[in-house]
Amino acid sequence: MSEPTKLPPEIDTSVAHSARIWNYWLGGKDYFPADKRAGDAYRAKVPLAGPMAKESRDFLRRAVGFLVREAGLRQFLDLGAGLPTDNNTHEIAQRIAPDSRVVYVDHDPLVLLHVHALRTATPDGATDYVLADMRDTETVLQGAAKTLEITQPIGLVINDVLGHIEDWDDALSLVRRLVEHLPSGSYLVLSHSTAADEEHWAAQEEYNKSGAIPYILREPSVTVAFFEGLEFVDPGLTSFPRWRPDANTGRLTDRMCWGGVARIP
């Protein structure tokens, strides 16, 4: 595991952090003992937690790949960048179309330590980072406009981070504000976790009471509202293994995580 010699004072390594736990489950190295303990404890109760993280990243690969290859997008705005691992949005897009431009948004001080990895780009493309709370849409859009052409179609990526906004109305309002500011022909890529069973609900409630940043599990019948007024790409909002699977698609989390891609008319 990686433990930088100089950490910002606001990073408390004694308390588990969801981004670092996610990094641990993905096989990364940017986590601390508290994150490993919390990740192992959660996984003991929800054995599919590790595959869930991997299949979430693979949904991102397929969704961004679709938007580059089939929708012709070359611009992406990724909210809640998290810690860089394999198959980040800019790597997926620029591997297919080297001139793709990607802007990440996050306000986590730990992510700032790794921002150089998120800014790596192909010679023809661009990758940048906006330090902002994703709910501050004005700052997000102003920062993104330094790299992206806001009047041209953009892929808005919100991959499994809205559960960290505890109030449902706040989460819904955030998505709608951003969608309203993007031009016709843009797309929304959005995923959200739900519970696989009662044990999963209980494990998440216990985690949320631990002092770590909570994550609110929501049913697909609720999160489909994020796409209201948009034009779903087939097969609509569905579980990760069912969204345009390919030969490399994992198929373990058929109940836990749902995602969709929709065009902004």
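Which residues of the largest nonpolar core touch the most other members? They are W25, V64, L67, F76 and V261, out of 44 residues in that core. The model described here is predicted. This briefing starts with the cores, then turns to V64, helix 1, the pockets, strand 8 and one loop residue.

**Nonpolar cores**

- In soluble globular proteins, nonpolar side chains tend to be buried together.
- The largest nonpolar core here has 44 residues.
- Helix 3 gives the largest share of this core, with 10 residues.
- A second core stands separate from it and has 32 residues.
- Among the members of that second core are L77, A144, V179 and F226.

**V64, a core residue in helix 3**

- V64 sits in helix 3, which spans residues 49–69.
- Is V64 buried or exposed? Its relative accessibility is 0%, so V64 counts as buried.
- Leaving aside residues up to four places away in sequence, V64 touches F76, T89, I92, A93 and V157.
- F76 also appears beside V64 in the list of core residues that touch the most other members.
- V64 and D78 are 14 residues apart in sequence. Their C-alpha atoms are 11 Å apart in space.

**Helix 1**

- Helix 1 covers residues 18–25.
- How many of the eight residues of helix 1 are buried? Seven of them are, and the helix is mostly covered.
- The buried residues are S18, A19, R20, I21, N23, Y24 and W25.
- W25 is also one of the residues that touch the most other members of the largest nonpolar core.
- Which helices do the buried residues of helix 1 pack against? They pack against helix 2, helix 3, helix 5 and helix 9.
- G27 follows helix 1. The phi of G27 is positive, near 85°.

**The largest pocket**

- The largest pocket holds about 1,000 Å³ of space.
- It is lined by 45 residues, and S18, A19, D160, V161 and H164 are the closest to its centre.
- S18 and A19 also belong to the buried residues of helix 1.
- Which helix supplies the largest share of this lining? Helix 1 does, with six residues.
- At least two lining residues each come from helix 1, helix 3, strand 2 (101–106), helix 5 (109–112) and helix 9 (198–208).
- By class, the lining has 23 nonpolar, 15 polar and seven charged residues.

**The second largest pocket**

- The volume of the second largest pocket is about 250 Å³.
- Its lining has 14 residues. Nearest its centre are A38, A41, E206, Y207 and S210.
- Helix 2 (33–45) and helix 9 each supply at least two of the lining residues.
- Helix 2 gives the most to this lining, with six residues.
- The lining divides into nine nonpolar, two polar and three charged residues.
- Helix 9 therefore has a part in two linings: it supplies at least two residues to the largest pocket and at least two to the second largest.

**Strand 8 and its partners**

- Strand 8 runs over residues 257–263.
- Why is strand 8 largely enclosed by the rest of the structure? Five of its seven residues are buried, so the structure around it covers much of the strand.
- Strand 5 (residues 187–193) pairs with strand 8 in the antiparallel sense, over seven bridges.
- In that region, S193 has C257 of strand 8 as its bridge partner.
- Strand 6 (residues 231–232) is also antiparallel to strand 8, with two bridges.
- E231 has R263 of strand 8 as its bridge partner.
- Strand 7 (residues 238–239) is joined to strand 8 by two bridges, and the two run antiparallel.
- S239 has W258 of strand 8 as its bridge partner.
- In a regular strand the side chains alternate between the two faces of the sheet.

**L113, a loop residue**

- L113 lies in the loop between helix 5 and helix 6 (115–118).
- L113 has a relative accessible area of 28%, so it counts as partly exposed.
- L113 and L83 are 30 residues apart along the chain. Their C-alpha atoms are separated by 9.3 Å.

Notes: Residues are numbered from 1 along each chain as its sequence is written. This is a predicted model: local features need pLDDT of at least 70, side-chain atom pairs count only at pLDDT 80 or more; totals for chains, interfaces and linings use all residues. Side-chain values use heavy atoms; hydrogens and water are left out. On a 1 Å grid over the protein atoms alone, a cavity is a set of points where a 1.4 Å probe fits but cannot get out, and a pocket is an open set with protein on both sides within 12 Å along at least five of seven lines; lining residues have an atom within 4 Å of a point. Grid points are joined across faces, edges and corners, and a volume is the space filled by probe spheres set on the points. Helices (H or I, at least four residues) and strands (E, at least two) are DSSP runs, numbered from the N terminus. Ala, Val, Leu, Ile, Met, Phe, Trp, Tyr, Cys and Pro count as nonpolar, Asp, Glu, Lys and Arg as charged, and the others, Gly among them, as polar. Buried means under 20% relative accessible area, exposed over 50%, partly exposed in between (1.4 Å probe, protein chains only). Two strands pair if DSSP finds at least two bridges between them. Contact means heavy atoms within 4.5 Å. A nonpolar core is a set of buried Ala, Val, Leu, Ile, Met, Phe, Trp, Tyr and Cys residues joined through side-chain atoms within 4.5 Å.
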